[in-house]
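The following explanation is intended for a reader meeting this structure for the first time. It begins with a single residue and proceeds outward from there.

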Amino acid sequence: TPSRMQLLLRYQDSRSFLRQARYLFIGGEAFPPVLLEDLKKITKARIINMYGPTETTVWSTYKDLTHENEISIGRPIANTRIYILDTRGRVQPEGVAGELCIAGDGVAAGYLNRPELTAERFVELPFETSGKVYRTGDLAKWLPDGNIAYLGRMDNQVKIRGYRIETGEI
């Protein structure tokens, strides 16, 4: 199924706007390779892939894809640290998949009136000295060039119109 952005590209007004844009910041969902190809045919704008959950003030990593063919979520933004951890909380080496966890100034204190969920998702790590780390539930790995590959969800969560939904709740 086409992404919202791909649907937008079907309209001439949208295509005209994109031809004039200087920067495109794209995030909120996994960036499909076909969308990158389509955008490069339409615009000369810099195409920036942004990754980050709401719990970390939305953006946590970025990657300029303007001259790239492979899609990654890039590197951490300023004042942000990314850890790829196994199920026991150990840092994974380059190329080994694990849960993407985020630390730094943008990490929220937790969920309002949800202490159990806060305790599950906002954890302390022995090697992180400046606050809690947010466990995203996303699967990722470090690439040899220092960028991060997003590999999908670790659970059955999906996004529908911007809302996160567990498929078991439907």
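In this predicted model, Tyr-23 belongs to strand β1, which comprises residues 23-26. Tyr-23 has a relative accessible area of 41% and is therefore partly exposed, since that class lies between buried, under 20%, and exposed, over 50%.

The strand as a whole may be considered next. In a regular strand, side chains alternate between the two faces of the sheet. In β1, Leu-24 and Ile-26 make up a covered face, whereas Tyr-23 and Phe-25 make up an uncovered one. From β1 the chain passes through helix α3, residues 33-42, before reaching β2, and this β-α-β crossover is right-handed.

Strand β2 spans residues 46-51 and pairs with β1 in the parallel sense, over 4 bridges. Within this pairing, Tyr-23 stands opposite Arg-46 of β2, and Ile-26 stands opposite Asn-49 of β2.

The two strands are part of a wider arrangement: an open sheet of 4 strands, ordered β1-β2-β3-β4, with mixed pairing. The edges are occupied by β1 and β4 (75-76); each has a single partner strand, so one side of each is left without a neighbour in the sheet.

The surface remains to be described. Both residues of the uncovered face of β1, Tyr-23 and Phe-25, contribute to a nonpolar surface patch, together with Val-58 and Trp-59. The area of this patch is about 410 Å².

Notes:
Residues numbered from 1 in each chain as written. Predicted model: local features only at pLDDT ≥ 70, side-chain atom pairs only at ≥ 80, totals over all residues. Heavy atoms only, no water. Patch = residues over 30% accessible without salt bridge, like charges linked within 9 Å, V, L, I, M, F, W, Y side chains within 5 Å. Areas by Shrake-Rupley, 256 points an atom, 1.4 Å probe, with all protein chains shown as cover. Salt bridge = Lys/Arg side-chain N within 4 Å of Asp/Glu carboxyl O. Buried < 20%, exposed > 50% of the residue type's maximum accessible area, 1.4 Å probe, protein only. Pairing = 2+ DSSP bridges. Right-handed = clockwise from strand over helix to strand, strands pointing away.
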